[in-house]
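Me: I'd like to learn how to read a structure like this one, feature by feature. Can we start with the charged pairs?

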Amino acid sequence: MSTSIYVVEKKIVTSDRDRFFNGIIDFVFIVAVIFVFTFLVVITGNVFQWDIYRVWVEVMIDLGVVGTYLSFAIIYYLLLESIFGLTIGKIITGSVVVDKNGKTPSFKIICIRTFCRLIPFEALSFLSKSAKFWHDSISKTYVVEKKDLKNAMEIFYSLNSIGINDGN
């Protein structure tokens with residue numbers, strides 16, 4: 001039995017252009033979710049004669065625009081990346097979040113990744129020498145092209161199994 005473990009190669013890491021589009025698409029989607037949620041609050045309040053819209057507006061005022069966005073963003077990234085390893089932006093660009101071995105990160109790692117997004121100026125961290133976002137480098141995760149990861153892992157494990165006795 002082989003003990004070799006696949007390690008993510010730089011050549012399958014998602015391009016800066018796709019990372020940019022991931023961010024824009026996710027931003028637009030989160031804003032749309034906030035709008036839809038607010039709309040549902042209004043509809044629910046009207047249907048059941050509840051005063052929940054006023055409460056929701058007070059919460060939004062207390063949080064502010066940025067706080068409201070960040071609250072929804074935390075839920076969005078935690079849910080989608082922990083369950084599926086991707087977000088709407090990553091689905092559209094064909095990317096996926098993985099650990100250094102190409103596997104789906106644990107919930108703990110996704111929590112670290114998500115909360116690192118709250119670091120001020122984190123969105124500009126890709127301009128650093130490492131050219132990685134802090135939420136990637138601190139959590140030790142990678143955003144890679146899904147199809148390239150699949151191909152690279154298949155090649156690695158098929159080459160790794162050459163010469164292993166298959167019991168025949």
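Reply: Sure. This is a predicted model. Start with arginine 113 and glutamate 81, both of which are buried. Their side chains meet in a salt bridge, at 2.9 Å from N to O. Arginine 113 sits in helix α4 (residues 107–116) and glutamate 81 in helix α2, so this pair ties together parts 32 residues apart in sequence.

Me: Which residue forms a salt bridge with lysine 90?

Reply: Glutamate 81 again: the closest N and O atoms are 3.1 Å apart. Lysine 90 is buried, just as glutamate 81 is. Zoom out and you get a network of salt bridges that links Arg19, Glu81, Lys90, Arg113, Arg117 and Asp136.

Me: How many salt bridges turn up in a search of the whole structure?

Reply: The search finds 11. For one with other surroundings, try lysine 11 and glutamate 9, whose side chains meet at 3.8 Å, N to O. Lysine 11 counts as exposed, with 65% relative accessibility, and glutamate 9 as partly exposed, with 32%.

Me: On to cysteines. How many disulfides are there?

Reply: The general idea first: a disulfide is a covalent bond between the sulfur atoms of two cysteines. Here the whole-structure search comes up with 0. Cysteine 111 is in no disulfide, and the nearest cysteine sulfur, in cysteine 116, is 11 Å off.

Me: Why is there no bond between cysteine 116 and cysteine 111?

Reply: Because 11 Å between the two sulfurs is too far for a bond. As for their surroundings, cysteine 111 is buried at 18% relative accessible area, and cysteine 116 is buried at 8%.

Me: What about empty space? How much of it lies in the largest pocket?

Reply: Rolling a probe the size of a water molecule over the atoms shows where empty space is left. In this model, the largest pocket holds about 1000 Å³. It is lined by 34 residues, and the closest to its centre are Arg19, Glu122, Ala123, Phe133 and His135.

Me: Which element gives the most to that lining?

Reply: That's α1, with 8 residues. At least two lining residues also come from each of α2, α5 (134–137) and β2 (142–145).

Me: Last one: which residues form a nonpolar patch on the surface?

Reply: Look for Phe35, Val36, Phe39, Leu40, Ile43, Val47, Phe48 and Trp50, which together have about 860 Å² of accessible area. Tryptophan 50 lies in the loop between α1 (16–48) and α2 (52–83). With 49% relative accessibility, tryptophan 50 counts as partly exposed.

Note on methods:
Residues numbered from 1 in each chain as written. Predicted model: local features only at pLDDT ≥ 70, side-chain atom pairs only at ≥ 80, totals over all residues. Heavy atoms only, no water. Disulfide = S-S within 2.5 Å. Buried < 20%, exposed > 50% of the residue type's maximum accessible area, 1.4 Å probe, protein only. Patch = residues over 30% accessible without salt bridge, like charges linked within 9 Å, V, L, I, M, F, W, Y side chains within 5 Å. Areas by Shrake-Rupley, 256 points an atom, 1.4 Å probe, with all protein chains shown as cover. Salt bridge = Lys/Arg side-chain N within 4 Å of Asp/Glu carboxyl O. Helix = DSSP H or I, 4+ residues; strand = E, 2+ residues; numbered from the N terminus. 1 Å grid on protein atoms, 1.4 Å probe; cavity = no way out; pocket = protein on both sides within 12 Å on 5 of 7 lines; lining within 4 Å. Points joined across faces, edges and corners; volume = space filled by probe spheres on them.
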